[in-house]
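Biologist: I am new to this one. Could you take me through it step by step?
Modeller: Certainly; please have it open while we talk.

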Amino acid sequence: MRPLSRTLLKVCGATGPRDIEAAAAAGADCVGLWHGVPGGPSELGLDGLAALVAAARPAGLLPVLVTFLADPGELAQIVRRTHVAWVQLHAYQPPAVVRALREALPAEVGLVKVLHVDEAGGCVERPLIGAYERAGTDLFLLDTATGDGRIGSTGAALDPGCLTALLPRLTRPFLLAGGLTAAGRPAYEDVVRHSGFRGIDVDTAARERATGRFGVPEIAALARAWRTPAPHTALPTGTAGTGVPAVAGVAGHPRLELSR
C-alpha cells in the first residue's frame, strides 16, 4: 500500500499555448485536449492536438485526449501520431471498444471511461461498469448528462447525493467532473472521502470569465479547494497491462504515472 501523493487536477479544453502555460503555472496535473468531438467548442485538428501535447509534456502536464470517437484503429493511430498519455472516451463507447483499444495501445497509455450521470442519478452505463473494468479501463470519470442530451463540459453540476448509489459499484478509481467549483467543494465531502476518489476534472470554472481562456487564479483556487488531506487515500498497487491501476501520481503504474 502506498499513499496517493495528492488530489489530481485535470483542466479540460485547452485550445492554445496560453492555456497550457496557465494550467502549468497554476499547478494542474493533466490537461484535456479535444479531438473527435463534433461541434465541440474546444475541438482541435490533429496538428493542433499534436502541438499542444508537445507543449504540455515539458510544462509538466499529462496530456489527455478527450474524444467521442469509437474506432479503436483510428484512435490508436492518433495516439501514435500525437503521443498523448491517456485516452478519455467521453461518449457512449461500449466495452468492446475499450477492450480493442487496450489491445491496440502501448501498455503505458491510460484508458479513461466516462460514466454519464443524469439529474435524477441515473447512469446509462451502470449495467456495464463491470464489463468496462474487465475490458481494461484504468480510471472512470463521473460527469453530467443533461436532460437535453448534452455531455462534456456542460457546466451542469452533479448532485452529490445521486452519486452515492453508483460509487460502490466501482472497483477502479475515479475522477469527479460536472460543474465543479472551488466554492462547491464542501458539498462533495462524502465523495472525496470515498476510497476510489482520485481527483477532479474541470472546464468552466478553470476559465477567465472575460476571455474564456484558462486563468491562473481560477485554476489555483480549484487546486487549493480540492487538494485537502484525507486519511483514506491509499490504494493497492496493480500490474501494468492488466487494467488494474496502481496509485495515480506515484511510481509503479506507467499508465497512471504523473512524474514530471
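Modeller: One definition will be needed for the helix packing: axes are lines fitted to C-alpha atoms, for helices over the stretch in contact, and angles run from 0 to 180 degrees between N-to-C directions. Please also keep in mind that this is a predicted model.

Biologist: Understood. How many helices and strands does the protein chain have?
Modeller: The chain has eight helices and ten strands.

Biologist: And what share of the residues is buried?
Modeller: Of the 260 residues in the protein chain, 54% are buried. As for contacts, among those with a separation of 6 or more, 65% are between residues 24 or more positions apart.

Biologist: Back to that definition, then. At what angle do helix 1 and helix 8 pack?
Modeller: Helix 1, residues 17-26, packs against helix 8, residues 216-226, at an angle of about 40°. Their axes are 8 Å apart, and the crossing is right-handed.

Biologist: Which residues make the contact?
Modeller: Helix 1 contributes Ala22, Ala23, Ala25 and Ala26. From helix 8 come Val216, Ile219, Ala220 and Ala223. By class, that contact has eight nonpolar residues, with no polar and no charged ones.

Biologist: Which residues of helix 8 are buried?
Modeller: They are Ile219, Ala220, Leu222, Ala223, Ala225 and Trp226. Their cover includes helix 1, together with strand 2 (8-12), strand 8 (174-176), helix 7 (189-192) and strand 9 (197-202).

Biologist: You mention helix 7. Is Asp190 in it buried or exposed?
Modeller: Asp190 lies in helix 7 and is exposed, because its relative accessibility is 64% and the cut-off for exposed is over 50%. Its C-alpha atom is 8.3 Å from that of Thr164, a residue 26 places away along the chain.

Biologist: What about the loop before helix 7? Which residues does Ala182 touch?
Modeller: Ala182 sits in the loop between strand 8 and helix 7. Leaving aside residues up to four places away in sequence, Ala182 touches Ala221, Leu222, Ala225 and Trp226. Of these, Leu222, Ala225 and Trp226 are among the buried residues of helix 8. Ala182 itself counts as partly exposed, at 28% relative accessibility. Ala182 and Ala206 are 24 residues apart in sequence, and their C-alpha atoms are 9.7 Å apart in space.

Biologist: Let us change topic to helix 2. Which of its residues are buried?
Modeller: Helix 2 covers residues 46-56, and its buried residues are Leu49, Leu52, Val53 and Ala56. Seen down the helix axis, these fall within an arc of 105°, so they line one face of helix 2.

Biologist: Why would residues three or four places apart point the same way?
Modeller: An α-helix has 3.6 residues a turn, so residues with that spacing point the same way.

Biologist: What is on the face turned away from the buried side of helix 2?
Modeller: That face carries the exposed residues Asp47 and Ala54. On the buried side, the cover includes helix 1, strand 3 (30-34), strand 4 (62-67) and helix 3 (72-82).

Biologist: Which residues does Thr82 of helix 3 touch?
Modeller: Thr82 is found in helix 3 and touches Leu46, Leu49, Ala50 and Val53, not counting residues up to four places away in sequence. At 3% relative accessibility, Thr82 is buried. A polar atom of the Thr82 side chain lies 2.7 Å from the backbone oxygen of Ile78.

Biologist: And is His83 buried or exposed?
Modeller: His83 is exposed, with a relative accessible area of 51%. This residue belongs to the loop between helix 3 and strand 5 (86-89). Its phi is near 65°, a positive value in a residue other than glycine.

Biologist: One last region: strand 6. What does the side chain of His116 contact there?
Modeller: His116 lies in strand 6, and a polar contact of 2.5 Å joins its side chain to that of Glu125. A polar atom of the His116 side chain also lies 2.9 Å from the backbone oxygen of His90. His116 counts as buried, at 2% relative accessibility.

Biologist: And Gly110, buried or exposed?
Modeller: Gly110 is buried, with a relative accessible area of 1%; this residue too is found in strand 6, which covers residues 110-117. The C-alpha atoms of Gly110 and Leu139 are 7.9 Å apart, although 29 residues separate the two along the chain.

Key:
Residues are numbered from 1 along each chain as its sequence is written. This is a predicted model: local features need pLDDT of at least 70, side-chain atom pairs count only at pLDDT 80 or more; totals for chains, interfaces and linings use all residues. Side-chain values use heavy atoms; hydrogens and water are left out. Helices (H or I, at least four residues) and strands (E, at least two) are DSSP runs, numbered from the N terminus. Buried means under 20% relative accessible area, exposed over 50%, partly exposed in between (1.4 Å probe, protein chains only). A crossing is left-handed if the near helix is turned anticlockwise from the far one by less than a right angle, and right-handed if clockwise. Contact means heavy atoms within 4.5 Å. Ala, Val, Leu, Ile, Met, Phe, Trp, Tyr, Cys and Pro count as nonpolar, Asp, Glu, Lys and Arg as charged, and the others, Gly among them, as polar. A polar contact is a pair of N or O atoms within 3.5 Å; within protein, one must be able to donate a hydrogen and the other to accept it, and residues adjacent in sequence count only if both atoms are side-chain atoms. The arc is that of the directions from the helix axis to the C-beta atoms.
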